[in-house]
Amino acid sequence: MFLEALGSVLLGLALSWAALRRLPDRLPTQRVVYPAGTLGALFGAYLTHTALGTGHLLGTLLGAVLVAAVTLSLLIRPATRRLRRSAAA
């Protein structure tokens, strides 16, 4: 269980780092993204460990990554668009 928790924390941090590198303008600050990814991965590991039981390390880590990705996707803001005014106005 300790390796699952440590692995899920590391995967959550790595996924948060990748999201911040890929979408820096559409995510909130690092102080929000890193804990959200980490806690999402921990919750995903807990959830899949409870569902699958012991002995499924890869399945638990996969569940941790999926839940962390969903958690981080909830933080993404829409792209900013400039309002265009018509020439007639």
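This is a short talk on how three helices pack in one chain and where a few of its residues sit. The model is a predicted one, so please keep that in mind throughout.

I'll start with the helix pairs. Take α1 and α2. Their axes lie 8 Å apart, and the packing angle is about 140°. That makes α1 oblique to α2. The crossing of this pair is right-handed. On the α1 side, the contact uses Glu4, Ala5, Ser8, Val9, Gly12, Leu13, Ser16, Trp17 and Leu20. On the α2 side, it uses Gln30, Val33, Tyr34, Gly37, Thr38, Ala41, Leu42, Ala45 and His49. Sorted by class, the α1 and α2 contact holds 10 nonpolar, seven polar and one charged residues.

Next, α2 and α3. Helix α2 covers residues 30–52 and helix α3 covers residues 57–73; their axes come within 7 Å and cross at roughly 140°. So α2 is oblique to α3. Here too, the crossing is right-handed. From α2, the residues that meet α3 include Ala36, Gly37, Gly40, Ala41, Gly44 and Ala45. Among their partners in α3 are Gly59, Thr60, Gly63, Ala64 and Val67. By class, the contact of α2 with α3 has 10 nonpolar residues, nine polar ones and no charged ones.

The remaining pair on my list is α1 with α3. These axes come within 9 Å, and the crossing angle is roughly 35°. α1 passes α3 in a right-handed crossing. From α1, the contact takes Glu4, Gly7, Ser8, Leu11, Leu15, Ser16 and Ala19. From α3, it takes Leu57, Thr60, Leu61, Ala64, Val65, Ala68, Ala69 and Leu72. The class split for α1 with α3 is 10 nonpolar, four polar and one charged.

Now the core. Which residues make up the largest nonpolar core? There are six in all: Ala19, Leu20, Leu27, Val33, Ala36 and Leu72. The elements that give two or more residues to this core are α1, residues 2–22, and α2. As background, nonpolar side chains in soluble globular proteins tend to be buried together. Looking at one member, Ala19 touches Pro24, Leu27 and Leu72, once residues up to four places away in sequence are set aside.

Let me go through some single residues, beginning with alanine 64 in helix α3. Is alanine 64 buried or exposed? Alanine 64 counts as buried because its relative accessibility is 0%, and the cut-off for buried is under 20%. With residues up to four places away left out, alanine 64 touches Ser8, Gly40, Ala41, Gly44 and Ala45. Phenylalanine 43 is 21 residues from alanine 64 in sequence, and the C-alpha to C-alpha distance is 7.0 Å.

Threonine 48 belongs to helix α2. Threonine 48 is also buried, at a relative accessible area of 16%. Which residues does threonine 48 contact, leaving aside neighbours within four places in sequence? They are Gly53, Gly59, Thr60 and Gly63.

Valine 32 is another residue of helix α2. At 37% relative accessibility, valine 32 is partly exposed. From valine 32 to serine 16, the separation is 16 residues in sequence and 9.8 Å in space, C-alpha to C-alpha.

Leucine 3 lies in helix α1. Leucine 3 is exposed, since its relative accessible area is 60% and exposed means over 50%. Between leucine 3 and leucine 57 there are 8.3 Å in space, C-alpha to C-alpha, although the two are 54 residues apart in sequence.

Last is arginine 26, which sits in the loop between α1 and α2. Its relative accessibility is 28%, so arginine 26 counts as partly exposed. What does arginine 26 touch, not counting residues up to four places away in sequence? The contacts are Leu75, Ile76, Arg77, Pro78 and Ala79. Arginine 26 and threonine 48 are 22 residues apart along the chain, and their C-alpha atoms are separated by 29 Å.

To recap two points: the contact of α2 with α3 has no charged residues, and alanine 64, at 0% relative accessibility, is buried. That's all from me.

Conventions:
Residues are numbered from 1 along each chain as its sequence is written. This is a predicted model: local features need pLDDT of at least 70, side-chain atom pairs count only at pLDDT 80 or more; totals for chains, interfaces and linings use all residues. Side-chain values use heavy atoms; hydrogens and water are left out. Axes are lines fitted to C-alpha atoms, for helices over the stretch in contact, and angles run from 0 to 180 degrees between N-to-C directions. Helices (H or I, at least four residues) and strands (E, at least two) are DSSP runs, numbered from the N terminus. Angles under 35 degrees count as roughly parallel, over 145 as roughly antiparallel, 65 to 115 as roughly perpendicular and the rest as oblique. A crossing is left-handed if the near helix is turned anticlockwise from the far one by less than a right angle, and right-handed if clockwise. Contact means heavy atoms within 4.5 Å. Ala, Val, Leu, Ile, Met, Phe, Trp, Tyr, Cys and Pro count as nonpolar, Asp, Glu, Lys and Arg as charged, and the others, Gly among them, as polar. A nonpolar core is a set of buried Ala, Val, Leu, Ile, Met, Phe, Trp, Tyr and Cys residues joined through side-chain atoms within 4.5 Å. Buried means under 20% relative accessible area, exposed over 50%, partly exposed in between (1.4 Å probe, protein chains only).
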